[in-house]
2 protein chains.
Amino acid sequence: MNKVILLNKRPHGKPVLSDFKIINEEVPTAKDGEVLLKTLFVSVDPYLRGRMNDAKSYAPPFELNKPMQSGIIAEVIESKHGDFKKGDFVSGMLGWKEYQTSNGQYLQKVDGSDTKLSSYLGILGMTGLTAYLGLTEIGMPKKGETLVVSGAGGAVGTVVGQIGKILGCKVVGITGSDEKVALLKSTFKFDQAINYKTTTDIKEAVKSACPEGVDIYFDNVGGEISDAVLANINKYARLPVCGAISLYNETKVPLGPRLQPILLTKSATMRGFIIGDFSEKFPAALKQLTSWLKDDKITFSETIVEGFDHIPQAFLDLFEGKNQGKMIVKI
Amino acid sequence: MNKVILLNKRPHGKPVLSDFKIINEEVPTAKDGEVLLKTLFVSVDPYLRGRMNDAKSYAPPFELNKPMQSGIIAEVIESKHGDFKKGDFVSGMLGWKEYQTSNGQYLQKVDGSDTKLSSYLGILGMTGLTAYLGLTEIGMPKKGETLVVSGAGGAVGTVVGQIGKILGCKVVGITGSDEKVALLKSTFKFDQAINYKTTTDIKEAVKSACPEGVDIYFDNVGGEISDAVLANINKYARLPVCGAISLYNETKVPLGPRLQPILLTKSATMRGFIIGDFSEKFPAALKQLTSWLKDDKITFSETIVEGFDHIPQAFLDLFEGKNQGKMIVKI
């Protein structure tokens, strides 16, 4: 049989397990021009929350009673498609299914020989591209500048901080546990890290960690953490908005200090993005990331959950910050 | 005698006349290397409000019991400076004084022969540069796009709209009276204009005026008007933040809907600026503005108040929207 996870209900606020439903289907067979894929690794990402709403976001909403989708690494177990053969590994935006067919469109072959397959969902996939292109294209870091990263212990955050260090910035991370603070400083070479859960005055903590002010704020969280960082930005600061995980589960329009006055007095630029905005730069970015990875200039961490049935829980755990680095479900 | 206007008190909220004090001084005399200037035209601008606070903004705060300053056109009535002669007209950031000396630094000679002198405070001065460079450098208008301008009836707004039209945009203005709505459509060729004071649902009004969504929002006001426009932006919208007049007199941090989620889902860019950010582009911009003005492709309006003593009231009137176009005091 073939397990499939459907969107059962649209979440109201924080998603819960009953928003998903696991069903059993027949294993499909590949027709001419198709491959049959066996799912190996499933990426769960905060941005999927937006697609669970019935609202136009940067991607169309998931349909009720249809399979959830995300970045997936799969193995070709049968091929009737000229470009793929049995045993190939592929990455693509695929359904949460143990087995599925594909006509090959948007599938990318990945090499499992000298790189961990799961890294194509992380450092050599959307995560790495998001970190690299958001930071370089919008953040435009210059040597000696101060970079603050929120959601610093997450998949994108850990990579952003390391790239910031490679490019000569002072890097300060904001994260949600002392364990992650330690990890950011040791494994990921952040200059400083702040545990926002145990810090009473985040604005002061950022000020103290960034005595020369904040030149770049790579924002993964939105909300009060971002307010605190914004209170410390320098003239001409750049603020890539990559995510707003603290706001995704809000059921009312979240209010906060109006940003126009601060952007105005600081001649600052805040820009939202999704990685597709920079698609023409993917090849060069992947080349750079691969080279840094080979030279051990950059590392990555994964939180691997095992078992197809645990995909929904792994997704929910993102909102509790239970992941360190990239959250991946191994099937 | 020589009348001088001092900052008497820092305003709490909306400025009032007693925040200013008019005193009499001796008319100064020019020393070697100096000119003696007689003030002819004084620009009053919303941004001066920020400098009346004791807070670091984009310019240092005015000092208590010291003269206020703004853009001024003056006549050289005595010169002991090699670069200037009696009868020259100059523009510069000068004190609110009937007469003052200057060492010539930052003074710019202006030509009163075939252009109205006051235009160097407006269309050929900071106003025109702000409109042109904010719109072109940050707004990056493309033919066929929709441009919304708030504070549309003000000095900058009227110019932004006209440039938008020249560059092929559909232009919608938001302003505060039916008279200004009519003027924007007739004199300044806006496609549509909205009177926010008589419109109950501005968001819907913007939506109806911009059926294809908003690509560029040139923001002079901040606050709820901006919320309404932001609810209608398109993917990849550009949002130059030029001013936030609706927020300048707030005594508490003004709250509003958090912007990160909308910037994120729309891959939109919001950027604050002051005109000094683009100083290297002034000559080319002035050349373009002068050419459009000569070719009657652009026009400008001024609200001229007469009399030195009326400078403070003219400034206060800005916050009531009593100006059409550039507010100028003629001495």
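A residue is buried if 20 or more other C-beta atoms lie within 10 Å of its own, exposed if 12 or fewer, and partly exposed in between. The exercises below apply this cut-off, among other things, to a predicted model.

**Exercise 1. A loop proline**

Determine whether A:P28 is buried, exposed or partly exposed, and describe its surroundings.

Solution. Begin with the position: A:P28 belongs to the loop that links β2 (20-25) and β3 (35-43) of chain A. Next, take the count of neighbours. There are 14 other C-beta atoms within 10 Å of A:P28, so the residue is partly exposed. Then list the contacts. Leaving aside residues up to four places away in sequence, A:P28 touches A:L36, A:Y99, A:Q100 and A:T101. Finally, consider a residue further along the chain: A:F62 is 34 residues from A:P28, and their C-alpha atoms are 22 Å apart.

**Exercise 2. Two residues with positive phi**

For A:Y106 and A:M140, state the exposure class, and give the backbone angle phi of A:Y106 and of A:M140.

Solution. The general expectation comes first: most residues other than glycine have a negative phi. A:Y106 is not a glycine, yet its phi is positive, near 70 degrees. This residue sits in the loop between β6 (99-102) and β7 (108-110) of chain A. Because A:Y106 has 11 C-beta neighbours inside 10 Å, it counts as exposed.

A:M140 is likewise not a glycine, and its phi is positive at about 40 degrees. Its place is the loop between α2 (126-139) and β8 of chain A. With 15 C-beta neighbours inside 10 Å, A:M140 counts as partly exposed.

**Exercise 3. A strand and its partners in chain A**

Explain why strand β11 (residues 214-218) of chain A is described as largely enclosed, and identify the strands with which β11(A) pairs.

Solution. The first step is the burial count: five of the five residues of β11(A) are buried, so the strand is largely enclosed by the rest of the structure. The second step is the pairing. Strand β8 (residues 146-150) of chain A runs parallel to β11(A) and is joined to it by three bridges; in this pair, A:V148 is bridged to A:Y217. Strand β12 (residues 233-241) of chain A is also parallel to β11(A), with two bridges, and here A:I216 has A:R238 as its bridge partner. The third step follows the chain from β11(A) to β12(A): it passes through helix α6 (residues 223-230) of chain A, and this β-α-β crossover is right-handed.

**Exercise 4. A helix and a strand in chain B**

Which residues of helix α9 (residues 311-318) of chain B are buried, and what covers them?

Solution. The buried residues of α9(B) are B:I311, B:P312, B:A314, B:F315 and B:L318. They cover an arc of only 160 degrees around the axis, so they are on the same side of α9(B). The elements covering them include β1 (2-7), β2 (20-25), β3 (35-43), α1 (48-51), β15 (302-306) and β16 (326-330) of chain B.

One of these covering elements, β16(B), has four buried residues out of five, and it is therefore largely enclosed by the rest of the structure. β3(B) pairs with β16(B) in the antiparallel sense over three bridges, where B:S43 is the partner of B:I328. β15(B) runs parallel to β16(B) and is joined to it by five bridges; B:E306 and B:K330 form one of the bridged pairs. Between β15(B) and β16(B) the chain crosses through α9(B), in a right-handed β-α-β crossover.

**Exercise 5. Contacts between domains and between chains**

How many residues form the contact between the two domains of chain A, and how many form the contact between chains A and B?

Solution. The domain assignment divides chain A into domain 1 (2-122 + 301-330) and domain 2 (126-276). Their centres, taken over C-alpha atoms, are 28 Å apart. In the contact, 18 residues of domain 1 meet 17 residues of domain 2. On the domain 1 side, α1 (48-51) and β16 (326-330) of chain A are the elements that give two or more residues. That side consists of five nonpolar, ten polar and three charged residues.

Between the chains, 30 residues of chain A and 30 residues of chain B take part. On the chain A side, the elements giving two or more residues are β13 (255-257), α7 (260-266) and β14 (269-272), and α7(A) gives the most, with six. The chain A side divides into 16 nonpolar, nine polar and five charged residues. Strand pairing also links the chains: β14(A) and strand β14 (residues 269-272) of chain B are antiparallel over three bridges, with A:T269 opposite B:R271.

Terms used. Residues numbered from 1 in each chain as written. Chains lettered and ligands numbered in written order. Predicted model: local features only at pLDDT ≥ 70, side-chain atom pairs only at ≥ 80, totals over all residues. Domains from an automatic or database assignment. Contact = placed C-beta atoms within 7 Å. Nonpolar A, V, L, I, M, F, W, Y, C, P; charged D, E, K, R; others polar. Pairing = 2+ DSSP bridges. Right-handed = clockwise from strand over helix to strand, strands pointing away. Arc of directions from axis to C-beta.
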